[in-house]
Amino acid sequence: MKVLSFSHFVQGPAASQYLADLGADVTKVEPPAGSWERRIGSAGIRLAGQSVTFLAVNRNKKSIAVDLKHPDAARVLRPLIERCDVVMENYRGGALEKLGLGYDAVRAVRPDIIYASATGWGSSGPMAGKPGVDLLVQARSGLVSVTGDGDGHVTAAGTPVVDHHGAALLAMGVLAAYVRRLATGQGTRVQSSLLGAGLDLQAESLALYYSGRRSRTDIRRPGALAAWFIDPPYGVYRLRDAHAAIALSGTMDDFAAALGSEELAAFDQRARRDRRAQYTRLLEQTLSAWTYQELVGRLEPLGFWIERVADYDDVRDDAQVAEEGLLMDMPVGDSHATVLNHPVRYDGRLPPLRTPPPRLGEHTRPLLRAAGFGDSEIDELISSGAVVAGDDGTARG
């Protein structure tokens, strides 16, 4: 699969990285100054002069830098489009159409193209074309309202979860369209949105809320509970030396007795549901006197599920994370970046790191040569500013 990716920020680059990890030949088309995540990234964190946000979502790709507003941009891109299977983009709606790179224009060049677009709010409707980023979608999709305690204290998730879920959905859509093309020879217009991804993260919650004819009052819950629709003690509690997540398996028999609390034992399932705020406050008070190891020793032998709340330092040293190979040290100059590996195994193996994230325009020259341009033509395109080749005007072969 050959992919031409007009993607920036996180959602689009992460989606094409999933495909690149799986072996797709992905070419990242960047502006002469570089994509946003290359130039700026998040938190200003850089390693060997490179944005770590860029390093996190652009491995196993090639880079060509093209000024899409230059008169020769179409001349540069046409042979690349003719040779690709997929065009991916996550520009604001209508942006690529104005540059002559919309779906209809690309399909005129490659009739069986898979053209995959990711937008913030969707391709139509009153919000189409408006800026849509992770946090705004978390807010509008209701995710923020159920991430807080539902009683006036709301919060966003601690990381851009919608961006990353949106990336996975976009990659899924491309793979489905590719299977269709292998079977039928037909291209597909794939369209995903952050709004759809934000709602998809809440599939069970929304179904229960609407189908159960619930109201805003039903969402209100003590902050310790992990979900409005699951009975306590399902949640996260402060212990004497840590925080612990408690998720029950089956019956609540012996739970209160294991904690030595007659007050908790007085609540049956109906009471825990109807008076969950009272039950949860009582449980919080009880657990505050326990250490994590004491609680594990009391609950696990009875079949209850419990886990310590880890921070990122704990995750880095986690033996299970290491066994699964989920963190990767990737060479960057004389140092290395620690990034998330591809999260799925195939026949027991993770896809390999073939190449680190590319320099800006690193593959401009070899890609244009492969597309039929001669060296003098490439030099002319570089001189005119239509393309950029490598950080210093050259590129590795």
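Here is a quick tour of this protein chain, from overall confidence down to a handful of single residues. The model is predicted, with an average pLDDT of 95 over the protein chain. The chain has 397 residues, of which 45% count as buried, and its secondary structure runs to 21 helices and 14 strands.

**Confidence**

- On the confidence side, 97% of the residues score at least 70 in pLDDT.
- The stretch to watch is 391-397, where pLDDT stays under 50. The model does place 16 contacts beyond four places in sequence for those residues.
- Where pLDDT is low, the predicted coordinates should not be read in detail.

**Overall shape, surface and charge**

- Taken along the principal axes, the box filled by the C-alpha atoms is roughly 85 × 50 × 40 Å.
- The accessible surface adds up to about 20100 Å², and carbon and sulfur atoms own 52% of that.
- If you take contacts with a separation of 6 or more, 68% of them join residues that sit 24 or more positions apart.
- For charges, the count is 44 positive and 48 negative, and their mean positions lie 6 Å apart.

**Nonpolar cores**

- The largest nonpolar core has 29 residues, and the members that touch the most others are Phe6, Val66, Leu68 and Leu77.
- Several elements chip in with at least two residues each: strand 1 (2-6), strand 5 (61-66), helix 4 (73-82), helix 6 (103-109), helix 20 (364-370) and helix 21 (375-384). Helix 4 is the top contributor to this core, with 5 residues.
- What does Val66 touch, once its neighbours within four places in sequence are set aside? The partners of Val66 are Val29, Glu30, Pro31, Pro32, Ala73, Val76, Leu77, Ala386 and Val387.
- Another core lies apart from this one; it has 26 residues, including Phe255, Ala256, Leu264 and Leu283.

**Backbone oddities**

- There is a cis peptide bond from Pro232 to Pro233, with omega near 15°. Pro233 belongs to the loop between helix 12 (216-219) and strand 9 (235-238).
- Phe9 isn't a glycine, yet its phi is positive, near 65°. You'll find Phe9 in the loop between strand 1 and helix 1 (11-21).
- Is Phe9 buried or partly exposed? Phe9 counts as partly exposed, because its relative accessibility is 38%, which falls between the 20% and 50% cut-offs.
- Asp254 is another non-glycine residue with positive phi, this time near 80°. Its spot is the loop between strand 10 (243-247) and helix 13 (255-259).
- With a relative accessible area of 48%, Asp254 also goes down as partly exposed.

**Helix 1: Gly12 and Gln17**

- Gly12 sits in helix 1, and its relative accessible area is 1%, so it is buried.
- Leaving out residues up to four places away in sequence, Gly12 touches Ser7 and Asn90.
- Gly12 and Val174 are 162 residues apart in sequence, and their C-alpha atoms are 12 Å apart in space.
- Gln17 is found in helix 1 as well. Why does Gln17 count as buried? Its relative accessibility is 7%, and the cut-off for buried is under 20%.
- Beyond its neighbours within four places in sequence, Gln17 is in contact with Ala56, Val57, Asn58, Arg59 and Lys61.

**Helix 8: Leu143**

- Leu143 lies in helix 8, which covers residues 143-147.
- Leu143 is buried, since its relative accessible area is 11%.
- Which residues does Leu143 contact, leaving aside neighbours within four places in sequence? They are Gln138, Val161, Val162, Leu201 and Gln202.
- Along the chain, Leu143 and Leu326 are 183 residues apart, and the separation of their C-alpha atoms is 27 Å.

Methods. Residues numbered from 1 in each chain as written. Predicted model: local features only at pLDDT ≥ 70, side-chain atom pairs only at ≥ 80, totals over all residues. Heavy atoms only, no water. Core = buried A, V, L, I, M, F, W, Y, C linked by side-chain atoms within 4.5 Å. Buried < 20%, exposed > 50% of the residue type's maximum accessible area, 1.4 Å probe, protein only. Helix = DSSP H or I, 4+ residues; strand = E, 2+ residues; numbered from the N terminus. Contact = heavy atoms within 4.5 Å. pLDDT = per-residue confidence, 0-100. Areas by Shrake-Rupley, 256 points an atom, 1.4 Å probe, with all protein chains shown as cover. Lys, Arg positive; Asp, Glu negative; His and termini not counted. Charge placed at Lys NZ, Arg CZ, Asp CG, Glu CD.
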